[in-house]
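Here are my notebook entries from a browse through this structure, kept short so they are easy to follow at the bench. Have the model open and look along with me.

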Amino acid sequence: MIWLNQIIQGVLLGGYYALLATGLSLMFGVMRIINLAHGDLAVVGAFLIWWLHDRGHSIAVSLAVGLVAMALLGVVLQRAVLERSLRAGVLVPLLTTFGLAIVIENLLFQKFGADIRSLDIGNLAFDGWKITNEIYVGRLPVLIFVVALAMLGGLQLFLSRAPLGRAMRATAQDPDTAELVGVNARGVYLAAAAIAVATAGLAGAFLGMRATFDAYAGPTQLIFAFEAVVIGGLGSLWGTLFGGIAIGVAQTVGAQFDPQWSILTGHLVFLAVMTLRLIKAAAEGRGGFMAALGMEA
Amino acid sequence: MSILRVEQLNAHHGLLQAVRGVSLSVGEGETLALVGANGAGKTTLLRTIAGGHRASSGTVVFGGADVTSLPAHRRVRRGITLVPEGRRLFPEMTMEENLLVAARGGRKGEWSLSRVYEAFPILHPLRRKRAATLSGGEQQMTAIARALMTNPTLLLIDEASLGLAPVAVERVYESLETVVATGTTLVLVEQDLGRALSVASRIVCMLEGRIVLEGSATEITREQIVEAYFGLRRGNGGGET
Amino acid sequence: MSAAQAIKVERWTPVSLLATGTGTVLLGALSLAPLLFGASALDKLTELYVYVILAAMWNALAGYAGLVSVGQQAFFGLGAYAAVQLSNHGLNVYLALALAGLVAGAISLPTSLLVLRLRGGEFAIAMWVVAEVFHLLVNLDHSVGGVTGTSLIALGRYDPTDRRRYTYWLALAAMALMLAAVFLLLRSRLGASMQAIRDDEGAAASVGVRVLRTKLVVFVLAAIGCGAAGAVWLAGQLTFQPNSFFSVQWTAYMLFMTLVGGLGTFEGPIIGAVIFFVVQDQFGQQGVWYLVGLGLTAVLFALLLPRGLWGTLEDRLGVRLLPVGYRVRRLATVGRES
């Protein structure tokens, strides 16, 4: 029964990872940029909302203001750094986003110090439902999972039905031709960046609620997000949910064996999935798991 | 009344010059056929006019306004739309979604989804099909319909008949008649000289980036075009200033 | 059109001969340093040599093979770990240090099976995951003290002065060897393959370049180099702390050095390492602002001066110090001009 509890916790954790991974997936899908600063941006969100809350605003207000600010940050980042990086070459975005990650982490440390923080949400952190003696489902994890589902669903709807969403998909598939039928590719990229960074900020807020964060927490979150995206397959938001759940369950089940094994289990599951994909791809005579998934990197 | 005026246009691909000092004007409602061998610069010229390629020097004046430095999507708002070589549909989107993307990016006008289906009835049943699964002819029709959704006053079409079966080409050109009937100015790049002569009111022939022959379709003979096409003519054609 | 022109393809130019000669002499001189300089200078030089190795390796990966790795600290830490293990199991400590690089290289072979088919960002983060996995696995090994780490006790048997000297020579030898390896690699057919891959992988494959094979050679070489660097660093630090050795900070340093020095050039990483050493020496104690500066500089260079300092200089002056490329010279034309 304890295993069932762990699996349930893992699934709920997966919701968080899926939300975290959404921005990474979106940025790659639309702009072909793997943002190595993505985890750090989530942490920026966490700190921002913490800071607003600390100054006396309610969590709700802090979230609202914080997310808008994060969206704006995404726009600024895209304009100032990412646009240029893309034009400069395929590898340059990796170099600049990594450099950005270092800048962000250390600026956060400079401003907020070494203290580990979390967001104070009162009883929400502990409340839950006791289902059996061994299965306890917390309200917060469920809330996060539901919000993650809603966000993913909303984004999926946006991409498939909304004019801007369609324009985004078109730009992702063929930016030159999109321009030729009237789509402002640059504007689309700005919108995608805004959404990506805002969702990262939301994920950061959730991180602060369910766990702790500090200035250097970014890279770990980035790796989890990346693992979720890869396992679930790019191009599918629901795949990202699946990937997030896979990582979440791997971690919680691994923790049951030994707390020290928690994160490592997640990594090993990721590597196992990657290996299987590579074997499959090699068997199909095409190289690279991205190619095997039908997405060109 | 010329709707488009190109003056001393130069365009490069890296160090390679594809368009050399091209000057050209297109009258409102005209149908202009642009012919020439592969590599003559026709595609680059069209793309530069549409904004998909940057001119190295020279001007593109559309409807009296200088659009040379405008990005492609802004030119679409002004009324210039290009149907690119190779159709270039958005492969993972449905046929109808391809049309809808263009609707958002273009202008208001008579071309709407229903009007398009009326004019191109074969497209209606293909609404929900993924663009990548359409046949060559269906893709070409979709590409033209997509461009029409932006309600252009100047429609540029690059190689409408390339790679299509004769029956499909027939249907495409029939649909073009509908377009011309609405008063849209048309510039066509066409490999098939017969087609070009039958549908166009004016012919322009390019060779190595320059215009080497220009004139009305009724006056120019097939022989003249073939000579110009292959660069067999000595001395000036109509287009060199 | 009647002039018959002769072309001569050269590898060595007067400038490159001079530079290579000077380099060799310099290496010889540096090996005499322990006899001339005091402890502090030797320590600093050893540190510099580690930076040079790391920069050269990262440059080989990213600048030549087009592989941006955000996880080379995997092999840096692995080299140190291997040295500790070998020494703990009875091997002479300096022999252990010398072999550490090869152990890292050996581990890179199975690793390559997993990561080398990936491109771009996938490869970058996958390497980071690999580094994290190595880190976590080493943390679980209690024979090297787990998370808290351990010391390379065997080094304590040496007199500090001797220890410093031997470490210095080890560092110098490692640097010389790795630079020589990169140099030879660039001059070989593999070097041309690498440039082709970097410019356009698909096109390279279509003309018969063994893309995967080439990447593998560079990958293993970089692993050996980073492993050796890790071992040397350990010899200088004396203590092995996984958190420090497997930190992604090392990638940040490598990024800075190659971007500032010049990605894709032979001399660039060396210059970048020297600059980094000076900067680290001067500002290393400034804490986080220093790191912010490093990151910002890397970003600015990547966007504004992508060829780095040396690369830009090379482009402007048309100079190549070391003969890693070919020069085509047109000899005097024979016959009439048209």
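**Entry 1: helix α1 of chain B**

I started with helix α1(B), residues 42-50, in what is a predicted model. I checked burial first: eight of its nine residues are buried, so the rest of the structure largely encloses this helix. I wrote down the buried ones as B:K42, B:T44, B:L45, B:L46, B:R47, B:T48, B:I49 and B:A50. Just after the helix comes B:G51, and I noted its positive phi, near 100°.

**Entry 2: the sheet β2-β1-β4-β5**

Next I traced an open sheet of four strands in chain B, and its order reads β2-β1-β4-β5 with antiparallel pairing. Which strands stand at the edges? I found β2(B) (16-27) and β5(B) (65-66) there, each with a single partner strand, so one side of each has no neighbour in the sheet. I then looked at the pairing of β1(B) (residues 2-13) with β2(B): eight bridges join these antiparallel strands. As a landmark I picked B:L9, whose bridge partner in β2(B) is B:V22. Helix α1(B) from my earlier entry packs on this sheet and touches β1, β2 and β4 (57-62) of chain B. Its direction makes about 120° with that of β1(B).

**Entry 3: strand β9 of chain B**

I moved on to β9(B), residues 202-207. Is this strand mostly covered or mostly open? I found it mostly covered, with five of its six residues buried. I followed its pairing to two strands in turn. With β3(B) (residues 31-36) it runs parallel, and five bridges join the two. One pair I marked is B:A33 with its bridge partner B:I203 in β9(B). With β10(B) (residues 210-216) the run is antiparallel, and here I have six bridges. B:C205 has B:L213 in β10(B) as its bridge partner. β9(B) and β10(B) form a hairpin with two residues between them, and B:E208 in the turn has a positive phi of about 50°.

**Entry 4: where chain B meets chain A**

I then turned to the contacts between chains. Chain B gives 25 residues to its contact with chain A, which gives 18. The buried area is about 1,800 Å², and carbon and sulfur atoms give 60% of it. In chain B, I found that B:H73, B:F90 and B:R104 lose the most area to chain A, together 33% of what that side buries. I looked for charged pairs too, and the rule finds two salt bridges across this interface. The side chains of B:E97 and A:R169 meet in a salt bridge, at 2.9 Å from N to O. I also have seven residue pairs in polar contact here. α1, α2 (72-78), β6 (80-83) and α3 (95-105) of chain B each give two or more residues to the side that touches chain A. The largest share of that side, six residues, comes from α3(B).

**Entry 5: where chain C meets chain A**

Last, I looked up chain C against chain A: 38 residues of chain C are in contact with 40 of chain A. About 3,600 Å² is buried between them, and carbon and sulfur atoms give 86% of that area. How many salt bridges does the rule find across this interface? I have zero, and zero residue pairs in polar contact as well. On the chain C side, the elements giving two or more residues are α3 (39-64), α5 (93-115), α6 (120-139), α12 (249-261) and α14 (288-304). I underlined α6(C), as twelve residues, the largest share of that side, come from this helix.

Conventions: Residues numbered from 1 in each chain as written. Chains lettered and ligands numbered in written order. Predicted model: local features only at pLDDT ≥ 70, side-chain atom pairs only at ≥ 80, totals over all residues. Heavy atoms only, no water. Buried < 20%, exposed > 50% of the residue type's maximum accessible area, 1.4 Å probe, protein only. Pairing = 2+ DSSP bridges. Contact = heavy atoms within 4.5 Å. Axes fitted to C-alpha atoms, helices over the stretch in contact; angles between N-to-C directions. Buried area = accessible area lost by both parts, 1.4 Å probe. Salt bridge = Lys/Arg side-chain N within 4 Å of Asp/Glu carboxyl O. Polar contact = N/O pair within 3.5 Å; in protein donor to acceptor, adjacent residues only side chain to side chain.
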